[in-house]
Each structure stands twice: as structure tokens, then as C-alpha cells.
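Visitor: I should like to be guided through this structure by question and answer. Please begin with whatever terms are needed.

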Amino acid sequence: MIYNEKYQMNLPELLVGAIIRFSKDGWLLMSKGDRTLFFYSPFTREIIQLPDVPHEYNTHYIFCGISFSSLPTSSDCVVFGIAEWYRPNDEKKELLIDQQVMLLIIEKVNDVWKPYKFHADNSRKLLACYNNPVFYKGNFYALAYNGTLGVFNLEDSRDQINFDKSNWKVIPKTLTQFDGVNPSYLVECEGELLLVIFERPFGKLVEIFKMDPCKMKWVKVKSLGNYSLFISHTSSFSVIAPDSSIANKIYFSRLNKGLSIASQIEPSVSI
């Protein structure tokens, strides 16, 4: 509701009970139940069905992060999902976290969506954060709680017949600021890959880092210049501020109250 005006939209039956997992370029990537994935455009009301998520030992939606590279209507769209891999413990009749991560790739080939699923080595103990990977310069980047990055190289994969775990690697650089408690997000801004950390209580202190592509380590940022960041679990993006009053600010949602609040970082050093 804006300015006390009310708006109503009739939604397709498929959306009843569905959950928004990621949004980009006017498209929503949604899930329903344990295995169903699909795209939905609220502007055109178009629905694009995707192959079901592999079931295996999991009895619930398993992905801690999922995103896509480009418009679902384009020929080069790729969906990337990352999940902790569980295996059964027959003695205790429970599921245990294995030393692997499960990666799901859904590629569009000749207008047909083709899924790939494989387990990647996780000897570096990458415990992915519960937020979405970012597609940045031909790679999907997934953030871990200790500041490491999982990287899936999509560009080099184009020449292969199938995707496999050789396209996945973990960059072991860490940040002492990480403790697995504070919410952290990846976002692209002015050609840079940024890491935004909210320290608890939520929004009281915000730290921003950018990835140094040469040294592959995080470097602290003290100003966003003329940019603003919009941060959430489903989608994070940057925009050039239309005026100075909203420049150099980070907007995020307090989910417990459903309110959008702004946190401003003091300008010091430009990106």
C-alpha cells in the first residue's frame, strides 16, 4: 500500500504456498514443497517450470543459497544452487553433515532445462551462509560463515560437455570479523564484488569489504560514494543514488517487524 492506495493482483494457482528464493531483473525464482522450482514474472505473469530438485536423502528444501545468471528467457541462463550434503547415520537413525557440498546446476540447452548435480570436495570445511550466491564476471560466488568463498567457474564450463566438480574451488582467505553469527551478504557494486557484514544488534554497525582480484582477499571499504545498496536474503543489488540524500547508504529489512530501515556508513574512502 502506497499513499493509502490499495492494489490487488490475481495470482496463479502455482504460487499458492510457494516461497521466493531469489529475484533478479524482474524475475522471481521460487520453490514449492520439497522439490519444485520455477520462475515467475509478476509483470508479465509468465511461469517457467524447472526440473525437480533431486530428492535423495533429503526430506525438505535443502538449498542454503540459489540464484541465476541472466534472464530466464535468454539462451544462456544458468541456475546455481548450493547445499550442505547430508548422509544417513544408520546407527542413530539421523542425518549427518558430510565433508561435501552438493551443487545443483540447471542449464538451458536448446530451450530445454538440463540439470546437473554433483558433490564437491569440502575438505576446507566451507559452511555456506544462508543467503544467495552472486553471479559476478562469469563465476558464481557463494559465501561461507568464516569468510571463505566458494567459486563455480561458469565461463570455462561452456566448452565442456557437462559441468562437473572441477569447476568448483574454495578460496581459503578468511576474515577475523566472521563468527558465524552476524548476517553477511555478497553484492556487486560498480564492477566490484562487495561483502556486507551487519553486526548485532542488527544494523548497529555495518562493515563493507571488496574482493581484491589479484590477491584474492578482502579489503575494507569506507564509502560507497554515489551508490546505495539494497540488501536482503533473496536479492542484493546496488544503484546510483538519484540524489545525495540517499547516497552512501545501505537499505535492509528487519524481518521481525517487516520494516525497511536505512543504515548509513560515514564517507571516508571511495571504492
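Guide: A residue is called buried under 20% relative accessible area, exposed over 50%, and partly exposed in between, with a 1.4 Å probe and protein chains only. The model is predicted, so local features need pLDDT of at least 70 and side-chain atom pairs count only at pLDDT 80 or more, while totals for chains, interfaces and linings use all residues. Residues are numbered from 1 along each chain as its sequence is written, and side-chain values use heavy atoms, leaving out hydrogens and water.

Visitor: Does Phe140 count as buried or exposed?

Guide: The relative accessibility of Phe140 is 0%. Buried means under 20%. Phe140 therefore counts as buried.

Visitor: How many strands does the protein chain have?

Guide: Helices (H or I, at least four residues) and strands (E, at least two) are DSSP runs, numbered from the N terminus. The protein chain has zero helices. Its strands number 20.

Visitor: What percentage of the residues of the protein chain count as buried?

Guide: The protein chain has 271 residues. Its exposed surface is about 14800 Å², of which carbon and sulfur atoms supply 50%; accessible areas come from the Shrake-Rupley method with a 1.4 Å probe, and for residues only the protein chains shown count as cover. The portion of residues that count as buried is 45%.

Visitor: In which order do the four strands of the open sheet lie?

Guide: Two strands pair if DSSP finds at least two bridges between them. The pairing in this sheet is antiparallel, and the edge strands, each pairing on one side only, are β9 (134-136) and β12 (168-171). The order is β9-β10-β11-β12.

Visitor: Which residue in β12 stands opposite Gly150?

Guide: Strand β11 covers residues 149-153 and is joined to β12 by four bridges. The two strands run antiparallel. Opposite Gly150 in β12 stands Val170.

Visitor: Why does the pair of Phe80 and Phe140 tie together parts that are 60 residues apart in sequence?

Guide: Rings of Phe, Tyr and Trp (its six-membered ring) pair if their centres lie within 6.5 Å; planes under 30 degrees apart count as stacked, over 60 as edge-to-face and the rest as tilted. Phe80 and Phe140 are stacked, at 4.9 Å centre to centre with 10° between the planes, and both residues are buried. The pair ties these parts together because Phe80 lies in strand β6 (residues 78-89) and Phe140 in strand β10 (residues 139-143).

Visitor: What is the angle between the ring planes of Phe135 and Phe140?

Guide: Phe135 is partly exposed, with a relative accessible area of 23%. The ring centres of Phe135 and Phe140 are 4.9 Å apart. The pair is tilted, so the class agrees with a plane angle of 50°.

Visitor: Which backbone oxygen does the side chain of Ser228 reach?

Guide: Ser228 belongs to strand β17 (residues 227-231) and is buried, at 1% relative accessible area. Beyond its neighbours within four places in sequence, Ser228 has contacts (heavy atoms within 4.5 Å) that include Phe237, Ile246 and Tyr251. At 2.3 Å, the side chain reaches the backbone oxygen of Ile246.

Visitor: Which residue in the turn between β1 and β2 has a positive phi?

Guide: Strand β1 (residues 19-24) and strand β2 (residues 27-32) run antiparallel and are joined by five bridges, with Ile20 opposite Met30. They form a hairpin with two residues between them. The residue with a positive phi, about 50°, is Asp25.

Technical notes: Polar contact = N/O pair within 3.5 Å; in protein donor to acceptor, adjacent residues only side chain to side chain.
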